[in-house]
Amino acid sequence: MITFLICLAVLIIGYFTYGRVTEKIMGPDDKNITPAHRLADGVDYVVLPWHKVLLTQFLNIAGLGPIFGAVMGAMFGPVVFLWITLGTLFIGGVHDMITSYVSLKHDGIALSELVGIYLGKWGKRVMLFFTVILSILVGVVFTMSPAGWLNSRIEWGMHTWIIIIMIYYVFATLVPVKTIMAKLFPLFSFSMLLMCVVLFIAMMWNQFTNPTFSMVEFTFNTVHPAMLSPLPFLFVTVACGAVSGFHAAKSPMMVRCLNKESQTKKVFFGAMVIEGIVALVWAAVAMAVLGDTFWGDNPTTVGALGGAGVLVDQISYELLGGAGVFLVIIAVIIVPITTGDTTFRSLRITLADTFKFSQASMMNRILLCIPMFATAFVLTFINFDILWRYFAWTNQTIAALALWTCAAWLTANKKIHWIASLPAMLLTYVSFSYILQAPEEGFGLSAMIGNSVGISAAILAMVVFLFLRPKERLDFPSNAVLKGK
């Protein structure tokens with residue numbers, strides 16, 4: 001319990017300290033008019049109150065990541081607390097805040113377009129490739145998980161539920177932001193936060209009243225049941241609960257709704273810290289409730305137990321009894337569905353930016369949606385576990401590219417780049433090392449080869465960045481229009 005509470009305190013304090021440091025380096029200026037005002041179109045560019053943007057951003061980025069990822073990360077033992085806490089503050093928060101601010105300075109354009117500006121056309125092509133793949137995988141994963149749970153309760157057939165969910169996705173992707181997102185998402189986001197608070201209270205209550213309930217303290221000695229090393233496997237497994245390229249791909253949606261530049265920290269760094277707290281709670285509960293299953297005489301992995309969704313169901317029931325079903329409905333149905341629809345919306349915006357395809361017309365939006373949803377439906381016939389692993393790896397690969405883009409923007413503006421370039425270097429190692437070592441979805445090479453190549457790639461990336469980094473400040477559309485002019 002002490003380890004958990006210390007990490008929780010560090011996350012909260014870190015928001016007000018390191019978040020402030022990052023904000024000062026970026027230098028937001030409320031004299032600049034945001035894209036939401038200058039480019040208002042009633043569809044994607046819409047001014048919203050900052051608290052609605054925060055709650056919507058949190059729901060957009062959270063999804064199943066801080067729940068499923070944290071439960072699976074709990075198999076590595078209490079070291080997961082360290083990665084969630086430090087990853088959230090020094091990598092995830094910085095990643096989300098700076099990518100959003102740079103997008104803001106470029107009229108809320110998609111991540112792939114930003115990469116093209118700062119890392120060149122080849123960087124843009126690589127990022128666009130990974131962004132499209134990640135968005136489709138996220139949409140599919142966040143369709144199959146709720147469909148599977150619903151079908152286990154009402155047996156209409158897995159793909160019947162998938163079609164029902166996708167029909168909703170199509171509608172949500174086409175309509176303006178104010179139709180669904182601005183009205184319902186803050187409420188759903190509040191429900192997810194309430195779920196986390198209830199889970200926290202139940203966990204603390206059991207800690208003091210239930211002698212069989214024990215929260216594990218920090219140690220490096222816990223062995224993963226599949227004998228996987230925390231480096232790099234833990235870094236990919238937790239994903240959204242510490243850092244996620246998925247966030248940078250989706251943030252331009254909310255960037256287009258900001259009223260002031262100074263709201264960047266509250267919305268984007270704040271949403272990442274909240275997600276880290278959610279991940280901490282789920283990791284702690286998973287270790288307390290399922291620790292013997294993970295590390296007992298006959299340990300088993302999440303896959304062997306029936307998947308993370310089944311474990312969420314079990315954890316909720318053991319802590320809250322019959323009332324736990326409401327936690328499951330929020331965690332396994334509402335959250336992934338709401339995240340899934342904004343993922344497809346984000347992909348529509350990315351493709352529209354890439355092909356310079358105006359989204360004011362409903363027909364143009366429909367034309368982009370047809371290939372998106374057709375591809376996603378075909379992928380629902382692939383095994384869920386395999387999709388999740390590729391989603392997690394693609395996630396961290398995009399985060400690495402996004403952080404290199406942040407570092408390039410910082411150097412172009414004569415700002416301290418190390419807050420972005422060092423995390424980018426770490427994630428470059430993680431991305432290469434993971435895909436080379438992963439036994440099923442990767443190449444299954446030895447740890448020595450995987451780590452050696454990963455470290456070499458990270459060092460090479462830093463050398464290339466330092467040698468080719470921009471030398472002059474770039475002009476931004478937002479800086480050209482000031483209030484009163």
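This is a tutorial dialogue on reading a helix, a surface patch and a buried residue in a predicted model.

User: Which span should helix α1 have, and how far apart are its end C-alpha atoms?

Analyst: The general idea is to count 1.5 Å a residue and to set the expected span against the distance between the ends. For the 25 residues of helix α1, residues 2–26, the expected span is 36 Å, and the end C-alpha atoms are 35 Å apart, which agrees.

User: Where is the kink in α1 centred, and what phi does Gly 27 take just after α1?

Analyst: A kink of about 45 degrees is centred on Gly 14, while Gly 27, which follows just after α1, has a positive phi of about 75 degrees.

User: Which residues form the nonpolar patch on the surface, and is Met 448 buried or exposed?

Analyst: The patch consists of Phe 432, Phe 443, Leu 445, Met 448, Ile 449 and Val 453, which together have about 600 Å² of accessible area. Helix α17, residues 447–468, supplies the largest share of this patch, with three residues. Met 448 is found in helix α17, and because exposed means over 50% relative accessible area, its value of 64% makes Met 448 exposed.

User: How should I read His 95: is it buried or exposed, and which residues does it touch?

Analyst: Buried means under 20% relative accessible area, so His 95, at 0%, is buried. His 95 lies in helix α5, residues 79–105, and, leaving aside residues up to four places away in sequence, it touches Val 243, Ser 244, Gly 245, His 247, Ala 248, Ala 399, Ala 402, Leu 403 and Cys 406.

How values were computed
Residues are numbered from 1 along each chain as its sequence is written. This is a predicted model: local features need pLDDT of at least 70, side-chain atom pairs count only at pLDDT 80 or more; totals for chains, interfaces and linings use all residues. Side-chain values use heavy atoms; hydrogens and water are left out. Helices (H or I, at least four residues) and strands (E, at least two) are DSSP runs, numbered from the N terminus. The expected span of a helix is 1.5 Å times one less than its number of residues. The bend at a residue is the angle between axes fitted to the seven residues ending there and the seven starting there. Patches are made of residues with over 30% relative accessible area and no salt bridge: like charges are joined within 9 Å, nonpolar side chains (Val, Leu, Ile, Met, Phe, Trp, Tyr) within 5 Å. Accessible areas come from the Shrake-Rupley method with a 1.4 Å probe; for residues, only the protein chains shown count as cover. A salt bridge is a side-chain nitrogen of Lys or Arg within 4 Å of a carboxyl oxygen of Asp or Glu. Buried means under 20% relative accessible area, exposed over 50%, partly exposed in between (1.4 Å probe, protein chains only). Contact means heavy atoms within 4.5 Å.
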